[in-house]
Amino acid sequence: MDEARHERIRAAVRAIPEGRVSTYGDVAAAAGERSARVVGWVLRDDGADLPWHRVLRADGSSAPHIADEQHARLREEGVEIRDGRVVLANHRLASGWIS
DNA sequence: ATAATGACCGGCG
DNA sequence: CCGCCGGCCATTA
């Protein structure tokens with residue numbers, strides 16, 4: 001991975017305010033990435049110090065191995081979760097929140 | 001060079 | 001609700 005791209009993605013995730021969420025696709029777009037997958041890789045091996053729990057799938061669900069902690073953290077920030085899925089309609093960030 | 005594997009996405013049946 | 005497919009792209013074998 002190119003370090004610049006890697007860092008743009010991290011910046012986009014850091015820009016998500018508490019109590020709000022975004023999707024892999026939106027973060028990718030905000031970071032100028034053409035694929036949502038790259039966002040997943042970055043969070044996978046370099047997401048420890050980022051608010052990764054504010055990044056969800058397009059339908060508000062999350063990958064099974066992180067779902068528990070993700071839901072717990074989000075609830076703590078006041079984000080609603082119904083049936084294991086975040087209510088995107090109320091907490092999703094506008095598509096161009098970065099710039 | 002090919003193929004499989006993901007913290008993905010959207011469409012279709 | 002479910003699964004399948006094709007597209008996506010870096011990493012690994």
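**Exercise 1. In this predicted model, find which helix holds Q70 and decide whether Q70 is buried or exposed.**

Solution. Start with the helix: Q70 sits in α4. Next, look at accessibility. The relative accessible area of Q70 is 0%, and buried means under 20%, so Q70 counts as buried. Finally, check what packs around it. Setting aside neighbours within four places in sequence, Q70 contacts W52, H53, R54, V55, L56 and S62.

**Exercise 2. Work out which residues surround DNA strand C, and which atoms of the strand they meet.**

Solution. First, list the residues around DNA strand C: M1, R5, R34, S35, R37 and W41. Sugar and phosphate make up 68% of the strand C atoms that come within 4 Å of the protein.

Now go through some polar contacts one at a time:

- M1 uses a polar backbone atom, which is 2.2 Å from a phosphate oxygen of DNA strand C.
- R5 brings a polar side-chain atom to 3.0 Å from a phosphate oxygen of DNA strand C.
- R34 also works through its side chain, with a polar atom 3.1 Å from a phosphate oxygen of DNA strand C.

Last, sort the surface near DNA strand C by class: you get three charged residues, two nonpolar and one polar.

**Exercise 3. Now do the other strand: which residues come nearest to DNA strand B, and which helix gives the largest share of the surface near it?**

Solution. There are 14 residues around DNA strand B, and the nearest are R37, W41, L43, R57 and A58. Here sugar and phosphate account for 40% of the strand atoms within 4 Å of the protein.

Take the polar contacts next. L43 has a polar backbone atom 2.9 Å from a base nitrogen of DNA strand B. R57 places a side-chain N or O atom 2.7 Å from a phosphate oxygen of DNA strand B, while A58 has a backbone N or O atom 3.0 Å from a phosphate oxygen of that strand.

Then ask where the surface comes from. Two or more residues each are given by α2 (24-30), α3 (37-46) and α4 (64-76). The largest share belongs to α3, with five residues. By class, the surface near DNA strand B has eight nonpolar, three polar and three charged residues.

**Exercise 4. Describe the largest nonpolar core and find which helix gives the most to it.**

Solution. Count first: this core has 17 residues, and I9, V27, V39, L43 and V55 have the most contacts inside it. Helices α1 (3-14), α2 and α3 each supply at least two core residues, and α3 gives the most, with four. For a close-up, pick I9: leaving out residues up to four places away in sequence, I9 touches V27, A31, E33, V38, V39 and V42. Another core, of seven residues, lies apart from the largest one and includes L56, L74, I81 and V86.

**Exercise 5. Trace the salt bridges of E7 and R10, and say where their partners sit.**

Solution. Begin with the pair itself: E7 and R10 form a salt bridge, 3.4 Å from N to O. They are three residues apart in helix α1, which means about one helical turn separates them. E7 is partly exposed at 34% relative accessibility, whereas R10 is buried at 9%.

Now follow each residue onward. E7 also bridges R14, with the closest N and O atoms 2.6 Å apart; R14 is partly exposed at 42%. R10 pairs with D46 at 2.7 Å. That bridge joins distant parts of the chain, with R10 in α1 and D46 in α3, 36 residues apart.

Put the pieces together: E7, R10, R14, D46 and D49 are linked in a salt-bridge network.

Technical notes:
Residues are numbered from 1 along each chain as its sequence is written. Chains are lettered from A and ligands numbered from 1 in the order in which they are written. This is a predicted model: local features need pLDDT of at least 70, side-chain atom pairs count only at pLDDT 80 or more; totals for chains, interfaces and linings use all residues. Side-chain values use heavy atoms; hydrogens and water are left out. A residue is near a molecule or strand if one of its heavy atoms lies within 4 Å of it. A polar contact is a pair of N or O atoms within 3.5 Å; within protein, one must be able to donate a hydrogen and the other to accept it, and residues adjacent in sequence count only if both atoms are side-chain atoms. Ala, Val, Leu, Ile, Met, Phe, Trp, Tyr, Cys and Pro count as nonpolar, Asp, Glu, Lys and Arg as charged, and the others, Gly among them, as polar. Buried means under 20% relative accessible area, exposed over 50%, partly exposed in between (1.4 Å probe, protein chains only). Contact means heavy atoms within 4.5 Å. A nonpolar core is a set of buried Ala, Val, Leu, Ile, Met, Phe, Trp, Tyr and Cys residues joined through side-chain atoms within 4.5 Å. A salt bridge is a side-chain nitrogen of Lys or Arg within 4 Å of a carboxyl oxygen of Asp or Glu.
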